[in-house]
Amino acid sequence: MKFGLLKFLLVILNSTFTELYGRLIRRLPFLRSITFENIPLSKIHKRAFISQPEKINFLHNDFQSIPIHAFEARLQNITLSGQKISKITNRTGSEIAKKAPRLMKINLRENEISLIEPNAFVNLQNLEILDLGANKLMKLNFHPGKVTDL
């Protein structure tokens, strides 16, 4: 009997932890998607996602800036919706591009973003979709790189 490639989804809801420590999510080689929802999560330590999922959803947590350590090589899709993120710097974009070269979609909906530095997304070569809806942006003053859907 042959089995196809197994893909797993992990969903963590309404918990009370505030940090994800290194090597917390490991030994799950078939893990493809993780969701953290309604958790006062505000910090991610290096190597928290050793299993390197393709999709990570952070929904209504407490991030005040983009958690760089959430980005790993296989990541293609990240949602950081309902956070407290207020700006995106060129440096943040550059670090994301180095850590997650396959990234195709970033959802930053429902944050407090009022500033995006001009070259924040330039180095994200595979980025196709950037969702900035329901933020505090007054104007778009940045180069979207190769983004095809804003």
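Residues count as buried when their relative accessible area is under 20%, and this cut-off is used for the close-up views of the predicted model described in the legends that follow.

**View 1. Leucine 75, in the loop between β5 and β6, is buried.** With a relative accessibility of 1%, leucine 75 falls under the 20% limit and therefore counts as buried. Its place in the chain is the loop that lies between strands β5 and β6. Alanine 100 follows 25 residues away along the chain, yet the C-alpha atoms of leucine 75 and alanine 100 are separated by 5.8 Å.

**View 2. Six strands are arranged in an open, parallel sheet.** The order of the strands across the sheet is β1-β3-β5-β6-β8-β10, and the pairing is parallel. Because β1 and β10 (129–131) each have a single partner strand, they stand at the edges, and one side of each is left without a neighbour in the sheet. On average, and with direction ignored, neighbouring strands of this sheet are turned by 5° against each other. Strands of a sheet pair through backbone hydrogen bonds, in either a parallel or an antiparallel sense.

**View 3. Leucine 9 belongs to the edge strand β1 and contributes to a nonpolar surface patch.** Strand β1 spans residues 8–13 and includes leucine 9, which stands opposite serine 33 of β3. The two strands, β1 and β3, are paired in the parallel sense over six bridges. Leucine 9 has a relative accessible area of 57% and is therefore exposed, the limit for this class being over 50%. Together with Val11 and Leu13, Leu9 forms a nonpolar patch on the surface, and the accessible area of these three residues together is about 280 Å². In a regular strand the side chains alternate between the two faces of the sheet.

**View 4. Strands β3, β5 and β6 are linked in succession by parallel pairing.** Strand β3 is mostly covered, since six of its seven residues are buried. Five bridges connect β3 with β5, and in this pairing phenylalanine 36 has phenylalanine 58 of β5 as its bridge partner. On to the next strand, β5 (residues 55–59) is joined to β6 (residues 77–81), again by five bridges and in the parallel sense. Here phenylalanine 58 has leucine 80 of β6 as its bridge partner, so that phenylalanine 58 is a bridge partner in both pairings.

**View 5. A salt bridge joins glutamate 54 to arginine 32 of strand β3.** The side chains of these two residues meet at 3.7 Å, taken from N to O. Glutamate 54 lies in the loop between β4 (43–44) and β5, whereas arginine 32 lies in strand β3 (residues 31–37), so the pair ties together parts that are 22 residues apart in sequence. The two partners differ in exposure class: glutamate 54 is partly exposed, with a relative accessible area of 28%, while arginine 32 is buried, with a value of 13%. The structure holds four salt bridges, and this pair is one of them.

**View 6. Helix α1 has a buried side and a face turned away from that side.** In helix α1, which covers residues 90–99, Thr92, Gly93, Ile96 and Ala97 are buried. These residues cover an arc of only 135° around the axis, which puts them on the same side of α1. The face turned away from the buried side carries the exposed residues Arg91 and Lys98. Arginine 91, with a relative accessible area of 63%, meets the side chain of glutamate 95 in a salt bridge of 3.0 Å, N to O. Both residues lie in α1, four residues apart, which corresponds to about one turn of the helix. Glutamate 95 counts as partly exposed at 24% relative accessibility, and its C-alpha atom is separated by 9.7 Å from that of alanine 120, which lies 25 residues away along the chain.

**View 7. A further salt bridge is formed between aspartate 131 and arginine 109.** The side chains of this pair meet at 3.3 Å, N to O. Aspartate 131 is located in strand β10 and arginine 109 in the loop between β8 (105–107) and β9 (115–116), so the pair ties together parts that are 22 residues apart in sequence. Arginine 109 counts as partly exposed, at 32% relative accessibility. Side chains of opposite charge can pair when their charged atoms come close.

Notes
Residues are numbered from 1 along each chain as its sequence is written. This is a predicted model: local features need pLDDT of at least 70, side-chain atom pairs count only at pLDDT 80 or more; totals for chains, interfaces and linings use all residues. Side-chain values use heavy atoms; hydrogens and water are left out. Patches are made of residues with over 30% relative accessible area and no salt bridge: like charges are joined within 9 Å, nonpolar side chains (Val, Leu, Ile, Met, Phe, Trp, Tyr) within 5 Å. Accessible areas come from the Shrake-Rupley method with a 1.4 Å probe; for residues, only the protein chains shown count as cover. Buried means under 20% relative accessible area, exposed over 50%, partly exposed in between (1.4 Å probe, protein chains only). Two strands pair if DSSP finds at least two bridges between them. Axes are lines fitted to C-alpha atoms, for helices over the stretch in contact, and angles run from 0 to 180 degrees between N-to-C directions. The arc is that of the directions from the helix axis to the C-beta atoms.
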